[in-house]
Amino acid sequence: MLRHDVPIRSGLDKIARDHGFHFHIIDDEIYWDESRAYRFTLQQIEERIEKPTAELHQMCLDVVDRAVKSEELMTQLAIPPLYWDAIAESWQSQDPSLYGRMDFVWTNEGSVKLLEYNADTPTSLYESAYFQWQWMEDARRAGIIPRDADQFNSIQDKLVARFAELATDIPLYFCCCKESEEDRGTLLYLEDCAVQAGLNTRFIYMDDIGLGTGGFLTDIDDNVIRRAFKLYPLEWMMRDENGPLLCARREQWLEPLWKSVISNKGILPLLWRFFEGHPNLLPAWFEDELTSIPNGVPLVRKPLFSREGGNVTIFDAQRNIVESEAGDYANEPMIYQGFQALPRFGNSYTLIGSWVVDDEPAGIGIREDGSLITKDTSRFIPHYIAG
């Protein structure tokens with residue numbers, strides 16, 4: 001993996017607007033950064049990213065199968081008991097899932113390490129699937145990268161194919177909160193993929209979903225919502241006033257209820273428990289296992305339900321705080337994971353997001369930050385394959 005500077009396309013702001021990329025600048029700071037690019041070889045992609053992604057995903061599914069049969073594991077995951085049966089039914093019924101993103105750290109010894117699995121509401125999808133592909137095509141034409149360069153990116157094709165598999169006559173609603181332009185942009189992209197697949201789609205803000213007679217969810221025209229994709233975390237849904245309605249399983253949600261196991265940071269110590277020593281895993285423990293962690297091990301503390309780096313803390317070998325991020329998750333249960341530093345290029349630390357669509361590896365997106373903790377404002381950098 002090599003990073004090098006590349007020229008920025010002339011008229012980038014207009015290009016972004018023309019393609020509907022309205023959040024390429026966030027809070028007057030560059031989010032999409034094409035002043036540099038990452039180059040991989042095909043072997044690096046296939047052996048060091050694609051294969052581990054496929055294997056780790058299957059391992060996560062194995063943990064789901066174990067967890068839904070175990071009160072002990074569901075308790076450790078801090079999932080409310082009210083939902084245990086519904087989650088198990090969701091898994092046993094093979095409720096369909098759409099996509100997720102694993103976050104990897106690239107190491108010098110030849111293997112990536114899994115930092116976490118964003119399996120419920122992962123962001124940076126549009127820029128990974130669509131806009132960086134447009135960048136690659138423009139960069140090839142301009143001679144910025146080799147004319148025969150490729151990209152590890154079949155995300156959009158796989159999304160359209162997956163939506164086609166899920167097609168029925170029942171409308172599929174797309175839902176998000178009102179205050180996030182990034183979430184709205186991601187939903188517009190996903191809805192477009194669904195339309196390409198022939199689905200009948202509708203949009204509604206989560207805030208506008210109503211409750212009809214019989215406990216059915218309804219849209220603003222009182223139509224019953226039976227199928228919906230939501231950019232709204234499952235743990236938030238379970239804590240909402242109407243959360244218990246999930247137990248009735250009247251709606252088919254994307255992502256399904258069983259994804260509450262994989263999207264939980266508790267998947268990390270469970271993976272280590274059942275696959276200890278796997279080359280793509282870092283040691284991890286639940287909070288009540290803290291005394292069993294060997295002395296002199298640098299650690300990262302993560303809330304079970306945190307997002308975008310919120311309340312993540314890095315400790316050195318003497319348990320002094322090296323870096324910490326504020327957030328809204330300080331009162332959540334925590335897990336501890338062995339610390340593996342992100343590779344540093346210049347003044348930035350680099351994280352690889354590896355996408356899974358319909359249970360298959362589908363592509364990557366790369367984020368950079370001046371901090372060791374990747375956040376929602378961390379810059380997105382395009383990549384290509386050559387050599």
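A residue counts as partly exposed when its relative accessible area lies between the buried limit, under 20%, and the exposed limit, over 50%. With 32% relative accessibility, Arg319 is therefore partly exposed. The model described here is a predicted one, and this residue makes a convenient way into its backbone.

Arg319 sits in the loop that links strand 15 (313-315) to strand 16 (321-324). Although Arg319 is not a glycine, its phi is positive, at about 70°. Most residues other than glycine have a negative phi, and most peptide bonds are trans. A positive phi, of about 55°, is also found at Asp358, again not a glycine. Asp358 belongs to the loop between strand 19 (348-357) and strand 20 (360-369), and its relative accessible area of 22% makes Asp358 partly exposed. The peptide bond between Leu254 and Glu255 is cis, with omega at about 5°. Glu255 is part of the loop running between strand 12 (252-254) and helix 9 (259-262).

For the wider setting, UniProt, in an unreviewed entry, assigns residues 14-385 to the feature "domain: Glutathionylspermidine synthase pre-ATP-grasp-like". In the model, this stretch is 29% helix and 24% strand, and 27 Å separates the C-alpha atoms at its ends.

Helix 7 offers a simple check of geometry. Its 16 residues, 181-196, should span 22 Å at 1.5 Å a residue, and the end C-alpha atoms are 23 Å apart, so the two values agree. The buried residues of helix 7 include the charged side chains of Glu182, Asp183 and Glu191, along with Leu187, Tyr189, Leu190 and Cys193. Cover for the buried residues of this helix comes from several elements, among them helix 5 (125-141) and helix 6 (155-165). Strand 5 (99-105), strand 7 (172-176), strand 8 (201-205) and strand 11 (227-230) also take part in covering these residues. After helix 7 comes Gly198, with a positive phi near 90°.

Empty space within the model comes next. Rolling a probe the size of a water molecule over the atoms shows where empty space is left. The count of cavities of 30 Å³ or more comes to 2. The largest cavity has a volume of about 70 Å³, and its lining is made up of Glu116, Tyr117, Asn118, Ala119, Ser263, Lys265, Ser306, Arg307 and Glu308. By class, these lining residues are 2 nonpolar, 3 polar and 4 charged. The second largest cavity holds about 30 Å³. Tyr117 appears in its lining too, together with His57, Ser97, Leu98, Tyr99, Gly100, Lys259, Val356, Asp358 and Asp359. This lining divides into 4 nonpolar, 3 polar and 3 charged residues. Asp358, described above for its positive phi, is thus placed beside this cavity as one of its lining residues.

Among the open spaces, the second largest pocket contains about 330 Å³. It is lined by 17 residues, and those closest to its centre are Met206, Ile209, Leu217, Asp240 and Asn242. The lining of this pocket comprises 10 nonpolar, 3 polar and 4 charged residues.

Returning to the lining of the largest cavity, Ser263 can be followed further. This residue lies in the loop between helix 9 and helix 10 (267-274) and, with a relative accessible area of 13%, is buried. Beyond its neighbours within four places in sequence, Ser263 contacts Tyr117, Ala119, Asp120 and Leu304. Of these partners, Tyr117 and Ala119 also line the largest cavity. Between Ser263 and Glu235, 28 residues apart in sequence, the C-alpha to C-alpha distance is 9.4 Å.

Glu235 itself is located in helix 8 (residues 234-239). A relative accessible area of 8% makes Glu235 buried. With residues up to four places away in sequence set aside, Glu235 touches Asp120, Phe305 and Arg307. Asp120 is thus a contact of Glu235 as well as of Ser263, while Arg307 is one of the residues lining the largest cavity. Glu235 and Gly20, 215 residues apart in sequence, are 30 Å apart in space from C-alpha to C-alpha.

A last loop residue, Ser292, lies between strand 13 (284-286) and strand 14 (299-303). Ser292 is partly exposed, with 47% relative accessibility. From the C-alpha atom of Ser292 to that of Asp328, 36 residues away along the chain, the separation is 28 Å.

Key
Residues are numbered from 1 along each chain as its sequence is written. This is a predicted model: local features need pLDDT of at least 70, side-chain atom pairs count only at pLDDT 80 or more; totals for chains, interfaces and linings use all residues. Side-chain values use heavy atoms; hydrogens and water are left out. On a 1 Å grid over the protein atoms alone, a cavity is a set of points where a 1.4 Å probe fits but cannot get out, and a pocket is an open set with protein on both sides within 12 Å along at least five of seven lines; lining residues have an atom within 4 Å of a point. Grid points are joined across faces, edges and corners, and a volume is the space filled by probe spheres set on the points. UniProt positions are given in the numbering used here, feature names are shortened, and annotations may be inferred rather than shown by experiment. Helices (H or I, at least four residues) and strands (E, at least two) are DSSP runs, numbered from the N terminus. The expected span of a helix is 1.5 Å times one less than its number of residues. Buried means under 20% relative accessible area, exposed over 50%, partly exposed in between (1.4 Å probe, protein chains only). Contact means heavy atoms within 4.5 Å.
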